[in-house]
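Here's a quick walk through one chain, strand by strand. Have the structure open while you read.

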Amino acid sequence: MPSKACGGFHLVVTNAGTSAIAVRMNGEAITTVEPGGTADIAQYGNYPAPAMPWEVDATRVKDGAVVFTAHLDNDGTDGRRVQVDDALAGDLALTLFVC
């Protein structure tokens with residue numbers, strides 16, 4: 001079971017590109033990750049995420065191009081670290097984990 005003490009489910013977004021990335025979950029704007037920045041989006045964290053499942057999309061702010069979309073859900077593997085995608089066009093890395 002996800003722990004509220006450590007934030008529950010997390011999606012860590014790292015932007016290694018040169019353009020800001022806007023992240024939305026279930027149709028809601030969550031945060032914008034600046035170039036060189038990282039955001040730890042958690043159920044119970046600084047960038048609170050909606051209840052799972054998560055429909056995630058990330059777009060470049062400068063032109064609105066979609067760089068990532070995913071459907072993320074709790075598949076019962078609580079406690080395991082799962083790599084969602086380690087490189088998208090060399091600019092964006094996402095990691096999903098639960099604590």
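Which residue in S7 is the bridge partner of Asp57?

## The S6–S7 pair

It's Thr69: that residue is the bridge partner of Asp57 in S7. Keep in mind that this is a predicted model. Another pair to look for is Ala58, which stands opposite Phe68 in S7.

Both pairs belong to a run of antiparallel strands: S6 covers residues 54-60, and six bridges join S6 to S7. Strands of a sheet pair through backbone hydrogen bonds, either parallel or antiparallel.

Follow the backbone from S6 to S7 and you'll trace a hairpin, with five residues between the two strands. In that turn, Gly64 has a positive phi of about 75°.

## The sheet around it

Now zoom out a little. S6 and S7 belong to an open sheet of four strands, in the order S3-S2-S6-S7, and the pairing is antiparallel. At the edges sit S3 (28-33) and S7 (66-72), each of which pairs on one side only. From one strand to the next, the twist averages 15°.

## The whole chain

As for the overall make-up, the chain has nine strands and zero helices. Reading from the N terminus, that gives β-β-β-β-β-β-β-β-β.

Of the 99 residues, 42% count as buried. The chain exposes about 5300 Å², and carbon and sulfur atoms supply 50% of that area. Now for contacts in the chain with a separation of 6 or more: residues 24 or more positions apart account for 52% of them.

Terms used:
Residues numbered from 1 in each chain as written. Predicted model: local features only at pLDDT ≥ 70, side-chain atom pairs only at ≥ 80, totals over all residues. Heavy atoms only, no water. Pairing = 2+ DSSP bridges. Axes fitted to C-alpha atoms, helices over the stretch in contact; angles between N-to-C directions. Buried < 20%, exposed > 50% of the residue type's maximum accessible area, 1.4 Å probe, protein only. Contact = heavy atoms within 4.5 Å. Areas by Shrake-Rupley, 256 points an atom, 1.4 Å probe, with all protein chains shown as cover.
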